[in-house]
Amino acid sequence: MAADQEQFQQLLGTLLSTDNDSRTQAEEAYNGLPVESKVTYLITSIHNDALGEDLRQMAAVLLRRLFSAEFTEFYPKLPPEAQCQLKEQVLMAVQREQPDALRRKVCDVAAEVARCLIDDDGNNQWPEFLRFLFQCANSPVPVLKESALRMFTAAPVVFGNQQSNYLDLIKQMLQQSLLDQANYEVRFQAVRATAAFILLHEKETNIQRHFSPLLPNIIQVIAESIEKQDDDALLKSLIDIAETAPKFLRTQLENIMELCMKVFSNTEVPDSWRQLSLEVMVTLAETAPAMVRKVCGKYIPALVPQMLLMMTDLEDDPDWGVCDEIIEEDGDSNPAVAESALDRLACGLGGKTVLPQIMSNVPNMLTSPDWKHRHAALMAISSVGEGCHKQMETMLPHIVEGILGFLRDPHPRVRYAACNAIGQMSTDFAPLFEKKFHDKVIPALLMVLDDNANPRVQAHAGAALVNFSEDCPKSILTQYLDGIMGKLESILSAKFKELVEKGTKLVLEQVVTTIASVADTSEEQFVAYYDRLMPCLKYIIQNASTDELKLLRGKTIECVSLIGLAVGSEKFISDASEVMDMLLKAQTGELADDDPQTSYLITAWARICKILGKQFEQYLPLVMGPVMRTASMKPEVALLDNEDMQGIEGDLDWQFVSLGEQQNFGIRTAGLEDKASACEMLVCYARELKEGFAGYAEEVVKLMVPMLKFYFHDGVRTAAAESLPYLLDCGKIKGPQYLEDMWNFICPELLKAVDTEPENEVLSEHMHSLAKCIETLGNGCLSEASMAELIRILDKILKEHFDRAVARLEKRKDEDYDEVVEEQLADEDNEDVFILSKVADVIHALFSTYRQDFFPYFDQIVEHFVKLLAPDRPWSDHQWALCVFDDTIEYGGPSCAKYQQYFLSPMLAYVDDKSPQVRQAAVYGCGVLGQFGGEQFAGACAEAVPRLIKVITAPESRTPENVNPTENAVSAVTKILKYNSSAVNVDEILPHWLSWLPVYEDVDEAPHVYGYLCDLIEGNHPLILGPSNSNLPRLIAVIAEAFALDALSLDNDVSKRMLGLVRQIQGNGEVFQACINQLTPELQRALHEVLSATN
């Protein structure tokens, strides 16, 4: 045994070796040992004073990791005496005299064992540990007190289900430790321990209240740690509390802000400490904005200028403007940290609080002779646009006027910052910004594009033009097209020459992207530049083959495909085959995972698929490999303890989430966007190619369905859901059995995804997908079990809808409630309403496919929709409940009568509701009641008619916000007159009805109205034709207006009937000419065009 132990100690030494090969061999040998042996050897090593401290530390680290990963596997197999011995040895190891670093690691081992010995029901199977913890905490020996606090910090769950009995003891232990004036390290660890305990109970306000008296001492010790500047762990703990339990800090909020402001504004303090202090304040502004506004609003006027000052901490670099490689700004630099913090502060506290501070500081900075101040001021305007959106919108003319002048600033970095501000505002305030300022912004950016002496500025002007073009209405951008393209073509030519002569490519890469964006917005208008641009772009794709030109080539591929999509297949078709061949050559051999061309190729193929349609099928065998490979990419993930995290936290390729108890989950984010993009392209292929994609449907379904649970990226889950109805469509060609098998694979997982999706935006996509799948497959597609599960999920979502409404009422009673909180609650409400609309979509799909067969299932959730109709519910609840009952009537037919006790009175009452959306849902319901409800509803229809007429004849009935419900009301009266008029005096209503025409906004309802008009004319109804056909000019005018306003498409059957009637009248030349003469020139032209087009 002694020999084995000695061998193991040598192995430990080799594990610390700097020689990679030796260390790898040692790791393999260590991993090959049985767990029980490893535990024995490691504990013995920890207790062995003769071993070097580094080896004993290594043994402690390995033992903790071993317990963390494998405790539940090996411990229960040990005999009871061996279990007792193990626990005793662990506690003895804590008490031994040993160096501090080793003791810390041994405490982690003990805490890990204690954590592992809390069972699933919260029973503590190691009560001796709790006694030991309190003994150490009350010991006169400072290092034992410190050890107790360290163990409690590492395992605050250690009291398990008995915690409530120990709360006062825990509080007393922490209070005594915080007040231990003789031992700073004890006070330090007490703060960490308290923070760990509060974080464990982040949602339990009663526990937080119980421990809030400790706060003054906690803040005092944090202030001490800042003075010492040895260890920033306490400031980081304060940030953690601010992030997850900010209300706990309320009683000391002013002292916290005071302390952090003092540190942040002191430039003598190291930057990392200043940045952490800023992080505390900004985190609080994000997680408890109302509390900060109310309690600490007075600090914001001092905080914002200090943040702006930090943004001026820039280096002078004479070569900055000519640098051809854009080096990502160091995220830890003062300007980057302050800029990000300002953005977050504005989003957290809102524009009313932050914008006045910006407006009182930025103007002076803009007039400063120091370029760094002007730069910081412009970057600040870029940063606060999102958070101060509402307040800045009214001031845009003043702000834009102020910024544009700096595009001529003598310093290139100020010009760059001005371009940045223009680009950011183009996005933040779109499309208002583009509509209001195009005449000033476009010429100004084109001017900066001439800055050949500073390629970085030149390129950034191009980037700003991309932002502007993306959201600019086509009708505006095309006014400037010749000027923009003249400039971009000349730069493309000059920079292409520069690339050949000098190898510089920064501006060329940007100008290609800018051309792509302009083409995307201009669409068919871009055809004028196609022939001049395409040869140069194709040349770049063919010849930019070296590694350093891969990004240029990728961007050029994007540009060519966007131009192709803009100009359409007729123009692009002559180049399509050559371009596809080039793209396929670009991916000859497998592209490296980090090759920038991959994402550009994948999206370009999808665009070309849209252009070529069925002709793209020939390329599928060549493109599907790379697309599937990228879509299948499995991200690298890691579970790291706090120790492993040191040195990795700043890695930009990784994102980490703390799981508590020293565990951190990390994911390598590189490649995730490409994966999402590839998934979206598969959606595109399935949608565009339909049965032509059937050969890949099974492979793609097997990839997509598991990705409904890909929680690392919302876009991947969204694309996975979106693909499913299209893939079912593709699969139809393979027969019913194939389709059934595919749906049996999809359905349970899609239901699970709807049930568990955490993000509302993605949940809405899942529900939309489910609705489309049901509509695609039809009645009977859901098994009894699946239907029961779907009803359970809908029931749960509807209950949550009501619960969240109650929770919002509670938030309005909060002590820090203010109008900005109300705006946020309104946003939450909108999200809820959106999900409710998706519930209505799913029910619509079920009613439209199952019809009356859905009634027994609908009965299980109908009470929720009755509740939504109650007068005290908000208008959006009324709207969507009415929509559901509209479907009940439309697809249930006369059998819907079983629900009339629920819907009939509210539907009639809401016909003249003040909300247009509610009116529309109610009047539509009256229409389908007339059309599908049957004779039993004749009385209800008669009661509805005067209410509908009131809506139609109201003074404001045709204003933009009212026109849709009004036209729906016209259609509802039409349906009642046509299908259910036994209790209505039709002849009394018809003259009024004719006066309400034309209708044109609602293309779904227009055919009902004009179809009935055709019935009446074809039936020679005297009230419609008038005495001696005197109404014919009026009828021709109504028909002409319908076509002039695109109320109906020409291939609609009703359109054909209307044109048949016009031609019939045309047979009598004199009468027809008299009718035509009464039309306006516009209506004459519209009628002439449709008659010519349908000859």
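Leaving aside its neighbours within four places in sequence, with which residues is Tyr 685 in contact? The structure on screen is a predicted model, and this tour begins by selecting Tyr 685 to settle that question. Its contacts beyond those neighbours are Ile 602, Trp 605, Ala 606, Cys 609, Phe 616, Leu 620, Val 623, Met 624, Val 627, Lys 690 and Phe 693.

**The nonpolar core**

Next, select Phe 616, Phe 693 and Trp 993 together with Tyr 685. These four have the most contacts inside the largest nonpolar core, which has 396 residues. In soluble globular proteins, nonpolar side chains tend to be buried together.

**Helix α35**

Now select residues 672-689, which form helix α35. This helix has 18 residues, and the distance from its first C-alpha to its last is 26 Å, close to the 26 Å expected at 1.5 Å a residue. Is α35 largely enclosed or largely open? Of its 18 residues, 13 are buried, so α35 is largely enclosed by the rest of the structure. Just after the helix, select Lys 690, where phi is positive, at about 45°. Lys 690 is also among the contacts of Tyr 685 listed above.

**The annotated domain**

Move to residues 100-259. An unreviewed UniProt entry places the feature "domain: IPO4/5-like TPR repeats" here. Over this stretch the chain is 71% helix and 0% strand, and the C-alpha atoms at its two ends lie 30 Å apart.

**Unusual backbone geometry**

Most residues other than glycine have a negative phi, and most peptide bonds are trans. The remaining stops depart from that pattern.

- Select Ala 430 and Pro 431: the peptide bond joining them is cis, with omega about -10°. Pro 431 belongs to the loop between α23 (412-428) and α24 (432-448).
- Select Leu 997 and Pro 998: a cis peptide bond is found here too, with omega near 10°. The loop that holds Pro 998 runs between α49 (986-995) and α50 (1006-1018).
- Select Arg 851, which is not a glycine yet has a positive phi of about 55°. Arg 851 sits in the loop between α41 (819-850) and α42 (855-858). Its relative accessibility is 40%, so Arg 851 counts as partly exposed.
- Finally, select Asp 1046, also not a glycine, with a positive phi of about 55°. This residue is in the loop between α52 (1032-1044) and α53 (1053-1066). Because its relative accessibility is 58%, Asp 1046 counts as exposed.

Notes
Residues numbered from 1 in each chain as written. Predicted model: local features only at pLDDT ≥ 70, side-chain atom pairs only at ≥ 80, totals over all residues. Heavy atoms only, no water. Core = buried A, V, L, I, M, F, W, Y, C linked by side-chain atoms within 4.5 Å. Buried < 20%, exposed > 50% of the residue type's maximum accessible area, 1.4 Å probe, protein only. Contact = heavy atoms within 4.5 Å. UniProt positions renumbered as here; feature names shortened; annotations may be inferred. Helix = DSSP H or I, 4+ residues; strand = E, 2+ residues; numbered from the N terminus. Expected span 1.5 Å × (residues − 1).
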